Amino acid sequence: MKIWLDGGLRDIESARVSVLDHGLTVGDGIFETVKAAGGKPFALTRHLNRLTRSARGLGLPDPDHDEVRRACAAVLEANPMPLGRLRITYTGGHGPLGSDRGDQGPTLVVALGATTRRPDSTAVVTVPWTRNERGALTGLKTTSYAENVVALARAHEHGASEALFANTVGQLCEGTGSNVFVVLDGEIHTPPLASGCLAGITRELAVEWTGARETDLPLDVLERADEVFLTSTLRDIQAVHRVDGREPAGAPGPVTAKAMRIFDERAGDDLDP
Ligand SMILES: Cc1ncc(COP(=O)(O)O)c(C=O)c1O
């Protein structure tokens, strides 16, 4: 397996980042996860644009899109696989032990892992911890993801594949690695970015392609929604058949099933929408 590290392809076994990398010591880094089917990345331009937005939010230098594209192409070519999770990581680089950043420049890693297509439906749980809609990192895809590690472990303990958070004022926000949509009276709604959720690329495409509305929703909308679905890079649109103890009828319900069809069609028509 070959990965890209700081300017070239390396063997994953021997590639090394400093133990003083600020991404390791304080989580000072950002990332993107890109789906790659048949060696081709999906929606790479949108992912690169979000990478730049996250970099600016953290005060990291703008990533060089040409270099990241070259890195992605090289890693995909070196590791052929049917379905891959392409992971771009960009950190503050070698630095002091505290929160001040060093001046040796960022670290760029592009790695690839094999994955399989997700099931069409899944179970989720709500968790008691909150997303902060007013934090310095709100809306940025940073490597400070340990809250998601804890919440996802809780989901797995309950036989679910995702945990959903409310924000500090009790509104529905997002999952550990996905955005959430609900169907109410035949209409699709998803929390607005002001809820503190990540601007998911799949969310953005689903809103554009299905006409879903961005609506402030209380967490307990999950108890009465006719249908619930998740979106993420590796889930695309995925129906939810259980929320905590409740099982919405017939997941995927009719509105979700139609959204899934539309998404598959549109994504199949254009690899970089
Ligand atoms: C916290 C969080 N929310 C939402 C998403 C979904 O975003 P995307 O559709 O860009 O994968 C992710 C991505 O994995 C995420 O980490």
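**Ligand shell.** I counted 16 residues around the ligand (a heavy atom within 4 Å of it), and the closest are Tyr145, Glu174, Ile201, Thr202 and Thr233. I note that this is a predicted model, in which local features need pLDDT of at least 70, side-chain atom pairs count only at pLDDT 80 or more, and totals for chains, interfaces and linings use all residues. Residues are numbered from 1 along each chain as its sequence is written, and side-chain values use heavy atoms, with hydrogens and water left out.

By class, I found 3 nonpolar, 9 polar and 4 charged residues in the shell. I recorded β9 (172–175) and α5 (201–210) as each giving at least two residues to the shell.

**Distances to ligand oxygen.** I looked up three side chains. An N or O atom of Thr233 is 2.6 Å from a ligand oxygen atom. A polar atom of Arg50 lies 2.8 Å from a ligand oxygen atom, and one of Lys141 lies 3.1 Å from a ligand oxygen atom. The ligand alone exposes 390 Å² (Shrake-Rupley method, 1.4 Å probe), of which the protein buries 95%.

**Largest cavity.** I then searched the protein atoms alone for cavities (sets of points on a 1 Å grid where a 1.4 Å probe fits but cannot get out; lining residues have an atom within 4 Å of a point). The structure holds 2 cavities of 30 Å³ or more. I read about 50 Å³ for the largest. Its lining includes Ile201, Thr202 and Thr233, and α5 gives the largest share, 3 residues.

**Second largest cavity.** I read a volume of about 30 Å³ here. Asp226, Glu227 and Pro248 are among the lining residues, and β13 (227–232) and β14 (236–243) each supply at least two.

Notes
A polar contact is a pair of N or O atoms within 3.5 Å; within protein, one must be able to donate a hydrogen and the other to accept it, and residues adjacent in sequence count only if both atoms are side-chain atoms. Helices (H or I, at least four residues) and strands (E, at least two) are DSSP runs, numbered from the N terminus. Ala, Val, Leu, Ile, Met, Phe, Trp, Tyr, Cys and Pro count as nonpolar, Asp, Glu, Lys and Arg as charged, and the others, Gly among them, as polar. On a 1 Å grid over the protein atoms alone, a cavity is a set of points where a 1.4 Å probe fits but cannot get out, and a pocket is an open set with protein on both sides within 12 Å along at least five of seven lines; lining residues have an atom within 4 Å of a point. Grid points are joined across faces, edges and corners, and a volume is the space filled by probe spheres set on the points.
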